[in-house]
Amino acid sequence: MPASSPESGRLPVLLLCEPATAGLQVAALTLLDRLLVAVHRAGCGPICVVCAGELPAARRARVLGVQFEVVRGIPPLSAPTLLASTDQMVQAGDLKSVAAARGILVTPAGERLPAGVAERWQGSVADSLAGVPTVVATGVAVAVRSAADATVAERALWASLTSSSDGFVDKWFNRPVGRPLSKLIIRTPITPNQVSLASIAIGTVAGVLFGFGQHTLSVLAGVLFQVSAIVDCVDGDVARSVFKESPLGKWLDLVGDQVVHAAVFIGIAVGLWRSGLQGPFLALGGSAVLGGLIAFGVVVRGMTRKGEPNRRLQKLIDGATSRDFSVLVLALACAQHLEWFLWMAAIGSHVFWVLALGLQLFPGKPAGAAK
């Protein structure tokens, strides 16, 4: 098999395409397809696939430009090589750790998986990896030897798709409710960016309905805002489950949230003003939108700055970007007290950006720094 050049420092890969498992699907992609993308994202290569029969589908790997060679028999190993068979579901981060440690991947329960670095071929993956250091998986790592095992691996994959900004409502309502839609969409040509645009459209319609200042329409708007939050979870689930993440998708998600929030703030402010209720509602709506725009700029500033991650800043951002407040909006719409939310948004958005900017300007000592 081809060896990596000394200049590249990359670890060559030998993938064994097992006939009973390579074509099994986990979340719409074959195990071979997932393994190809995983080793590629782990920074390993060149990739050689050993397949004696018909090669299972590897559509996503090909779309992502993953290059690999297919051979019928196992070639001699000319250098330390990452060995992996399709009898498993593993992820790029763990394979990267295995490559760095020159070890073998094991599940948290201690089960050895057919993925590790070997010096030479000894007749089987297990024998070739005997005696190498173990690396405990931190991502999804499941042995797959049957269709039932593939189902277990798929459940583990979906369960792992969370975000650091998920609040209580996201964890227990938005993601579980949106999950059937995610499982349907990954089997269609619909892209995560199209899902993001749908979420933005739904949230914007909610803002328009809030602007009428009528109780029934405000409740409907609150429901649509909640639906927008659910769909906003779906785009990320789809992107990560089938390797469709993109820089455009990340920015579309960030900007889309700002568009929806601005529409809701303005809609609630206009609706309260039109309802005849006494209060500086238009000024409050403008303050909430302005605070949101400044906060967005401060967050982008933090994201684009180089250096050590600011954990305190990230924790603040995660807490502030939780979708949990959509439930509060719906509850206050039902109770006819949306003015309470508007006051909170008008003040809270400015408190957030001041705190976020302060953490950027005065980050304090990095975690683990000497006192």
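**View 1. Aromatic pairs in the predicted model.** This predicted model holds 3 aromatic pairs. One of them joins Phe225 and Phe325. Their ring centres lie 5.6 Å apart. The ring planes meet at 55 degrees, so the pair is tilted. Pairs count as tilted when the planes are neither under 30 degrees apart nor over 60. Phe225 sits in helix α8, residues 215–241. Phe325 belongs to helix α12, residues 325–334. The two residues are 100 apart along the chain, and their pair links distant parts of it.

**View 2. The open sheet.** Seen here is an open sheet of 7 strands. The strand order is β5-β4-β1-β6-β9-β8-β10, and the pairing is mixed. β5 (68–71) and β10 (134–136) stand at the edges. Each has a single partner strand, so one side of each lacks a neighbour in the sheet. From one strand to the next, the twist averages 25 degrees.

**View 3. The pairing of β8 with β10.** Strand β8 covers residues 104–106. It runs parallel to β10, and 3 bridges join the two. One bridge can be followed by residue: Ile104 has Thr134 in β10 as its partner. Strands of a sheet pair through backbone hydrogen bonds, either parallel or antiparallel.

**View 4. Two helices across the sheet.** Helix α1, residues 31–41, lies across β1 (13–16), β4 (47–50), β5 and β6 (81–85). It runs at about 160 degrees to β4. Helix α3, residues 92–101, lies across β6, β8, β9 (112–118) and β10. Its angle to β9 is about 45 degrees. Strand β6 is thus crossed by α1 and also by α3.

**View 5. The cis peptide bond at Pro46.** The peptide bond from Gly45 to Pro46 is cis. Its omega is near 5 degrees. Pro46 falls in the loop between α1 and β4.

**View 6. Ala27 and its backbone angle.** Ala27 has a phi near 50 degrees. That is a positive value in a residue other than glycine. The residue lies in the loop between β2 (25–26) and β3 (29–30).

**View 7. The cavity.** The count comes to 1 cavity of 30 Å³ or more. About 30 Å³ of space lies in the largest cavity. Gln25, Ala28, Leu29, Thr30, Asp33, Ala57 and Arg59 line it. By class, this lining has 3 nonpolar, 2 polar and 2 charged residues.

**View 8. The second largest pocket.** The volume of this pocket is about 240 Å³. Its lining has 15 residues. Of these, Arg41, Gln91, Arg240, Phe243 and Glu245 lie nearest the centre. Helices α1, α3 and α5 (147–160) each supply at least two lining residues. Helix α1 gives the most, with 4 residues. By class, the pocket lining has 8 nonpolar, 3 polar and 4 charged residues.

Note on methods:
Residues numbered from 1 in each chain as written. Predicted model: local features only at pLDDT ≥ 70, side-chain atom pairs only at ≥ 80, totals over all residues. Heavy atoms only, no water. Pairing = 2+ DSSP bridges. Axes fitted to C-alpha atoms, helices over the stretch in contact; angles between N-to-C directions. Contact = heavy atoms within 4.5 Å. 1 Å grid on protein atoms, 1.4 Å probe; cavity = no way out; pocket = protein on both sides within 12 Å on 5 of 7 lines; lining within 4 Å. Points joined across faces, edges and corners; volume = space filled by probe spheres on them. Nonpolar A, V, L, I, M, F, W, Y, C, P; charged D, E, K, R; others polar. Phe/Tyr/Trp six-rings, centres within 6.5 Å; stacked < 30°, edge-to-face > 60°.
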